[in-house]
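Q: Please examine the ligand environment and the aromatic contacts in the model shown here, and justify each term that is applied to them.

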Amino acid sequence: MLEKLMRRKTAETNVSLPEQIALVKSRKIPAHVAIIMDGNGRWAKKRNLPRIAGHHEGMKTVRKITRVANDLGIKVLTLYAFSTENWKRPKMEIDFLMKLPGEFLSTYLPELIEQNVKVEMIGNFNVLPDHTKKAIQRAMEATASNDGMTLNFAMNYGSRLELIECVKEIANQAANGEIDVSDIDESFIDSHLMTAHLPEPDLLIRTSGEVRLSNFMLWQLAYAEFSFTDVLWPDFDEQCMLNEIREFQSRSRRFGNVERDGDV
Ligand code: IPE
Ligand code: IPE
Ligand code: MG
């Protein structure tokens with residue numbers, strides 16, 4: 001209750017963003033935040049614009065949220081940009097979405113470098129169009145030695161496909177006698193996922209009011225805190241992000257244990 005009042009107070013009084021950031025940073029910050037960026041199409045529809053206009057606007061939100069997440073000291077920001085199911089969309093929309101990494105990265109790569117952000121990707125890279133691959137590759141190479149926040153794009157990502165690949169790999173290793181079936185435990189599976197090198201998400205945010213995972217990080221989100229907001233992705237701004245982190249800070253994470261105060 002007090003937390004809620006405080007949240008409202010900070011949002012209503014004119015506390016500047018840097019001041020709010022400093023305040024939020026004085027409490028525990030989630031190491032890994034994953035976002036299902038949803039609602040671009042509806043944002044455009046409300047304005048009688050084509051869906052791609054919503055995707056273009058959503059790109060600006062990616063820039064804003066990357067900056068504030070980095071300022072907050074978040075270590076990994078994973079953004080769900082294209083799912084393995086999104087190939088079902090009209091070709092024209094897919095073509096546009098495949099051009100976005102190139103546009104985003106050619107515009108913002110210098111500032112990502114300046115912010116010490118490291119660009120990475122999870123998902124099935126091989127079947128992306130060549131120009132999309134090139135843009136992502138170039139950004140990953142240009143930022144490879146950065147040791148600030150990891151900006152991890154889930155591009156042509158699907159959790160079930162990831163798990164299928166993981167199971168196949170492990171089954172092959174077992175068939176070849178490289179491993180024993182008894183070697184398979186949680187950390188073994190973790191190490192065979194595309195997120196092997198990343199901490200698991202502490203917080204999952206989905207915009208646009210949809211309350212589902214849409215095949216996103218099914219294994220990795222086992223103990224994440226979930227937050228669903230009605231705000232459409234192009235309208236999601238720094239203030240929304242700060243509110244989400246505050247909400248996270250008000251949660252009590254237990255991981256199956258009895259309640260522990262000040263856990264997050
Ligand atoms: C999210 O916005 C972006 C992608 C899935 C690529 P949508 O395009 O899903 O927007 P809505 O859900 O139709 O509003
Ligand atoms: C999930 O959003 C995928 C991304 C945000 C990239 P969708 O808009 O594709 O999900 P559904 O179809 O509404 O479940
Ligand atoms: Mg959607």
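A: A residue is counted as near a molecule if one of its heavy atoms lies within 4 Å of it. In this predicted model, the residues around ligand 2 are Ile36, Met37, Asp38, Tyr80, Ala81, Phe82, Asn86, Arg89, Arg206, Arg212 and Ser214.

Q: Which part of the chain gives the most to the shell around ligand 2?
A: Strand β2, residues 76-83, gives the most, with three residues. By class, the shell comprises five nonpolar, two polar and four charged residues.

Q: Why is the approach of Ser214 to ligand 2 called a polar contact?
A: A polar side-chain atom of Ser214 lies 2.6 Å from an oxygen atom of ligand 2. The cut-off for a pair of N or O atoms is 3.5 Å, so the term applies. Arg89 has a polar side-chain atom 3.2 Å from an oxygen atom of the ligand, and for Arg206 the corresponding distance is 3.3 Å; these pairs therefore also qualify.

Q: How much of the accessible area of ligand 2 does the protein cover?
A: The protein covers 77% of the 390 Å² that ligand 2 has on its own. The space taken by ligand 2 is the largest pocket.

Q: What makes Tyr80 and Tyr157 an aromatic pair, and why is a stacked or an edge-to-face label chosen?
A: The structure holds nine aromatic pairs. In the pair of Tyr80 and Tyr157, the centres are 6.0 Å apart and the planes form an angle of 80 degrees. The limits are 6.5 Å for pairing and over 60 degrees for edge-to-face, so this pair is edge-to-face. Tyr80 in strand β2 and Tyr157 in strand β4 (residues 150-157) are 77 residues apart, and the pair links distant parts of the chain.

How values were computed:
Residues numbered from 1 in each chain as written. Chains lettered and ligands numbered in written order. Predicted model: local features only at pLDDT ≥ 70, side-chain atom pairs only at ≥ 80, totals over all residues. Heavy atoms only, no water. Polar contact = N/O pair within 3.5 Å; in protein donor to acceptor, adjacent residues only side chain to side chain. Areas by Shrake-Rupley, 256 points an atom, 1.4 Å probe, with all protein chains shown as cover. 1 Å grid on protein atoms, 1.4 Å probe; cavity = no way out; pocket = protein on both sides within 12 Å on 5 of 7 lines; lining within 4 Å. Sits in = over half its atoms within 2 Å of the grid points. Helix = DSSP H or I, 4+ residues; strand = E, 2+ residues; numbered from the N terminus. Nonpolar A, V, L, I, M, F, W, Y, C, P; charged D, E, K, R; others polar. Phe/Tyr/Trp six-rings, centres within 6.5 Å; stacked < 30°, edge-to-face > 60°.
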